[in-house]
Every structure is written in C-alpha cells, then in structure tokens.
Amino acid sequence: MYPVITPIAGLVGLGIAFIILASILKRSGGEGKVKEIADQIHNGAMVFMKREFLLISFFAVIIGGLLFFFQKGDYGKEQSLAFFLGCLASSFAGFVGMFTATRANVRTTLAARDNGQADALSVAFFGGSVMGLTVASMGLIGLGGLYYFYKDNVHVAEIMEGFAMGASLVALFYRVGGGIFTKAADVGADLVGKVEAGIPEDDPRNPGVIADNVGDNVGDVAGMGSDIFESYCGAQIATVAIAGALAVNAAEALGATRETLMYLPLGLTTMGLLCSVLGILLVKMMSAKNPASALRIGTIGAAIIFIVGAYALCNHLEINSQIASAVLCGAVGGIVIGLVTEYYTGGKPVRDIAKSGETGVATVMITGLSVGMKSVAIPLLTLAATIFVSFEFAGLYGVGLAAVGMLGTVGITMAIDAYGPVADNAGGIAEMSAMGPETRKITDGLDAVGNTTAAIGKGFAIGAAGLAALALITAFIQKADISNFDFTDHAVLRTFFVGLFIGGVIPFLNGAITMEAVGSAAFDMINEIRRQFREIPGLLEGTGTPDSAKCVDIATRAATKRMILPAVLAVGTPLAVGFGFEAIAGVGAIALTGTLSGALLGCILMALFMSNAGGAWDNAKKYVEEGHNGGKGSETHKGCVVGDTVGDPFKDTSGPSMNILINVMAIVSLVIAPLL
C-alpha cells in the first residue's frame, strides 16, 4: 500500500500550493503606475520562459529520441517516456513559481503600503511557498508515480533515471540561462545607472531596471527551483538505484528487504512534504514578530520534525535505526552549511570588506576573494564528515540517504529562497512607483532578510547538489560493475588519474564560459542603456520614457544564445570520456569515474567560493549604503559597488551553474553506464 501514498501526497501538496496561489491572486494587483510596472516585469519573465521552453523542447526531442532508439536493454521506451515527464515536471514547477512570484511582488508592495510589515512578509513568503511546494510535489508525483507503476519491473531504477535526466536538462537551461539574463541586466543597470549617472537603484529613469527585476525572478525563482528539483530527484533516484543493486544478504544486514529499502527514499520525501507544510505554518504564525527569526525557526523547525519523523518511519517499517541516523547526518549537514554561509555573507566578513573599501577598489577585491576562499573550509569538512558518518551507519546506501535527508524538507527551504526575489521586486516596484519612504523602509527590511535567505539557500543548494552527485556517482560505479578498482594495477591507476585531471578542468572551463557570457551580454546592455540616456530626450530629467522592452530583449537573447556551450560541456564530457576511453583502451567506466570525481570536488569548491564571495561583496555594498564607512556616494561606496558588480556573476551565474554541471554529468554517466 505504501508506494501509492507518494504520488497522492504530491497531488495534495500541489493542491495546497494552488490554494495559496488563489489566496494571493484574490488580493488587489494595484492600478495605474504600479500595475503598469508589475505587468512589465511579469510579461518580461513570461517572454523569457517561452523562449527557454522552445529551446528546451528542441534538445529534449533529440535526447529523448536517442534514449528511445539506442538505450541498451529492453527499457529504452519507458526511460524515454520518463525523460519527457521529467522535463515537463521541472518546466511546470518553474512556470508556476515564476508566475506566482511575478504576481506576489506587487501585492507585497501594496501590503507594505496599506497594512505594514507583517502582512507584507506573509504575502512574500506565501509567494515563495507556492514555488517550494510545487517543486516538492512535482517530484513526488513524478518519481512516486513511476515507482508505483514500474515497481515490479527489474529496471525500475533505470526508468526513473530518465526522469532525473529530464529534470537535469531543464535545470541546465533555466539555471544557467536565468543566471546570464539576470546578471547581464543587473551589471548593466548598476554600472550605468548608479556609477555613471549617479541615480539610485531601481530608479524608473534607468532603462535596465525592469530587466533587472525580471532577472531576479528568472534566476532566483525558476533557476533555483529547477536546480533544487534536479538535486531532489537525483538524490532519491540514486538511493533507489543503490538499494536495487544490493545483494539480499546486504539488505538483510540493514534490517529490511531490498524492496523496502528501494521505497524508503520516496517515503522519507513524502513525509518531508508534510514537514515543509508544518514549517510554512510555523512561519505564518510567527510572521508578526521578527521576520528573520520567523524564517529561521520555520526552516530549522521543519528539519527537526523531519528527523524525528525519519526515526518513526524506520521504526514503523521495522528497519534498522542506523538508517535513520544516516538521514540525520544529511539534515544536520544541511543546517550547518546554511548557517556557515549566513555568517560569511552577512556577518563580520561583510563588515571587513566594507572597511577595506576605505583604501580603494583593489582592497575590496582582495578582501572579498579571501572571504570566499575561507568560506569553503567548514562546508567542505561538513560534507566530508557527513559522507564518513553516513557510510559508517549504512554503507553506500547511507550516503544516498544523507543526500535525501538534506533535501527532505525542500518545500520550506525553496519557499524561503524564493521569498527573496519577491521581496526584492516589491522594493523595486515601491521605488519606481514613488510610494514614499515608509513603504520603502518596510520593503527594504524584507529585502535585507531575503538577501540572507538567498545566501543560505545557495549554500544549501551547493551541499545538496554535492551529496546528490556523489550518490549518483556511487550508483554509476555499481551499475558499470567496476568490481576491481585496484590502484596497484598501473593501467587502472593511470586511467583513473587521467580522468581525474580532465574532470578538474571542467568546472574552470564552465566558470570561464558563463562569466564571459555575462560580460559580453552586459557589454551590450551597457551600450543600450547609455544610448537611451543619450538619445531619449529628457530621460535623465524624468520627462522621457525608457525603452525597457529593448533591455529585456537583449538579456533574453543573450541568455538563450550563450548557454548552449555550457550545456554541450555538461552533456558532452561524460560521452566523450566514457566512449572515447572505451574505444581506445576498453576502460571507459574507470576513466569516467575519475572524471566525475575530479569534477565533483572542483564544482563544490568553485561553487562555494564564488557564491560566498559574491554574496559577501553584495552585502558589503548594502552595509555601506546603510550609512557605514562613509555611506552612499563615498569613495568606499564606489569601491564596494565595483566589488558587487564582479560578485554578481560569481554568486548568481557561475557559482550556481556548478551545481547543475556536476549533476548533469553524473546523471548522463549513470544513464550510459550499461554501454561501457
């Protein structure tokens, strides 16, 4: 009876998400200037989503066709079907999240103006909750449905891998494309508007402001949602695959049948959805007090309930409690990484960067880079400890469950992350519609909390992606049947280390490609904003009308064009290494294991360094703008604005793209494993 509960729970969660969405849409969307600005942001986001969906559809047809016709074994048809379902599920979650965020932003602004902070927080958080619940629910509907229908098929894990591959394809396009879009707009708007023209952030005279607000949604709502969805599905599928490959006596040693162990990851995430709903209610109950405390208590509270529930579920299924302890490792690891990220992007290191701005731009850059490098240590050691302890509890299966434990309450985690861009947009709308200092003070307060939650969300996403990728790599090693990994064999040693060095190069290439894409797109954006300031009569004086649609179009075209190369790198590397070494020396699986290992370590290091350095630079600029170290317009402020401009593609494009890169490489490797 248990497998059917998972897709049903997903449907219930989706129903709750739509009830929340309906309650948001019942509120007034404003009128006049406010409505016009909100509609521009919404329409710009929908244009981006439409173009991305068309591009995804093109690649999906090709990859789905290859799976259908060339997959080894008798499950190619089912796997290709699951692949298309994964594409649709992830796309649907992204669309719903984007639609909700671009409707909740203006309603948050109006709530701040009319009812105060508590109501504004409630609207913004519920706007993010729709995204979080939709991500979790679509994962349960997709994976739970596939498992229910194919649980008696010996290839159920392979069929479900197709779903993860579909989710990875969408994540690659939404996350990387969204990152290029948002930072091209942000960098262009900041450099020309704030630095050159000397006008405030979100000033309606700036032609790039609408594109910048659109970018907050496409990057941090649709992009982050697809990123987390990919890791969420990948962790569950890898754990199912590891359980499916266990020998009968190995399963018995864990105190359960193999079938029970295969279903357990789905059972845990089903329970995690309930815990997320409870966490959302917790935030709602406490929103009238301190916003930051309410969000933190909701997140940690949901995780604690989930941990208790994991032990209860294992006890109910008569499974060894050590398995629940592996889940505990992942949940605790996620909390630690989030709190460390919060410190480095919102604590003393941020004030140190602001202080360094008193001596110029160079010291801002040096201090920010050192903060980013230091911030890598504790999260990486936390991941190492999580892997070691979870392995001690339940072997390779325990590592997979640790990843599931970290992602179990993804509904509340994603809700808090998506809250950030809604609050940010609300502040932008308040500024552009000239609502006055009282409204802007409330939205700025919500935005400041949103910056912290976004930083925590990025840290959590990196840790979760790393564990999920490790679980997928472990499943790949099992599936490729590498039974003799003997480092005393020179051929094995040579092949593995060649692959290791190839894998270590990939994150740097990906980072360079995505940074260059932002730089090139920002160049076009800057020239366009300068042209409009120069050629549109009265624009800087406030009597002219900016052509915001042109800036949105530049960012959209840049995103759809320049993300193809990162996609080819992510999908093509496992194919080239695996089949290349297989053809040359018959050691494709060992070489690919080395490549995945090198890429995994490189991606985690680069992701943590870039995301945390970028977040610290961003918050240092905001700290100065609050009146510290000289305040707005000072030389310190100018230096911190440059640091923030460099940090933008670090934290919102290249850093997050590492999560997608390693997971795509891992899932492609897992799918082609039978061919090696």
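**A walk through loops, cavities and a pocket**

Hi everyone, let's start with Asn629, which sits in the loop between helix 19 (588–625) and helix 20 (635–672). Please keep in mind that this is a predicted model. What is the phi of Asn629? The value is positive, about 50°, although this residue is not a glycine. And is Asn629 buried, exposed or partly exposed? Its relative accessibility is 22%, so Asn629 counts as partly exposed, given that buried means under 20% and exposed means over 50%.

Let's stay with helix 19 for a moment. Two packed helices are described by the angle between their axes and the distance between the axes. Helix 11, residues 348–356, packs against helix 19 with the axes 8 Å apart and an angle of about 65°. Angles of 65 to 115 degrees count as roughly perpendicular, and helix 11 and helix 19 are therefore roughly perpendicular to each other. As for handedness, the crossing of helix 11 past helix 19 is right-handed.

Now for the spaces inside. How many cavities of 30 Å³ or more does a search of the whole structure find? The search finds three.

The largest cavity holds about 50 Å³ of space. Helix 5 and helix 20 are the elements that give two or more residues to its lining. Helix 5 has the largest share there, with four residues. If you want to find the spot on the screen, look for Ile63, Phe83, Met165, Ser168, Leu169, Leu172, Val571, Val664 and Val668, which line the largest cavity. By class, that lining has eight nonpolar residues, one polar and no charged.

Next comes the second largest cavity, with about 40 Å³ of space. Its lining includes Ala189, Asp190 and Lys194, as well as Pro200, Glu201, Asp202 and Asp203. Asn206, Val209 and Asp212 also line the second largest cavity. Which helices each supply at least two residues of this lining? Those are helix 5 and helix 6. Helix 5 makes the largest contribution, three residues. The classes here are six charged, three nonpolar and one polar.

So much for cavities; on to a pocket. The second largest pocket has about 530 Å³ of space. Several elements give two or more residues to its lining, namely helix 1 (2–25), helix 5 (156–196), helix 6 (209–244), helix 8 (258–286) and helix 15 (437–479). Which of the helices gives the most? That is helix 8, with five residues. In total, 25 residues line the second largest pocket, and Val154, Val156, Gly244, Arg258 and Met262 lie nearest its centre. The lining divides into 14 nonpolar residues, seven charged and four polar.

One last residue, back in helix 6: Asp227 is found there. Is Asp227 buried or exposed? Its relative accessible area is 0%, so Asp227 is buried. For a sense of scale, take Asp227 and Val624. They are 397 residues apart in sequence, and from C-alpha to C-alpha they are 32 Å apart in space.

To wrap up, here are three places to visit in the viewer. Asn629 has its positive phi in the loop between helix 19 and helix 20. Helix 5 gives the largest share of the lining of the largest cavity, and helix 5 does so for the second largest cavity as well. Finally, helix 8 gives the most to the lining of the second largest pocket. Thanks for listening!

How values were computed. Residues numbered from 1 in each chain as written. Predicted model: local features only at pLDDT ≥ 70, side-chain atom pairs only at ≥ 80, totals over all residues. Heavy atoms only, no water. 1 Å grid on protein atoms, 1.4 Å probe; cavity = no way out; pocket = protein on both sides within 12 Å on 5 of 7 lines; lining within 4 Å. Points joined across faces, edges and corners; volume = space filled by probe spheres on them. Nonpolar A, V, L, I, M, F, W, Y, C, P; charged D, E, K, R; others polar. Buried < 20%, exposed > 50% of the residue type's maximum accessible area, 1.4 Å probe, protein only. Axes fitted to C-alpha atoms, helices over the stretch in contact; angles between N-to-C directions. Parallel < 35°, antiparallel > 145°, perpendicular 65-115°, else oblique. Left-handed = near helix turned anticlockwise from the far one by under 90°.
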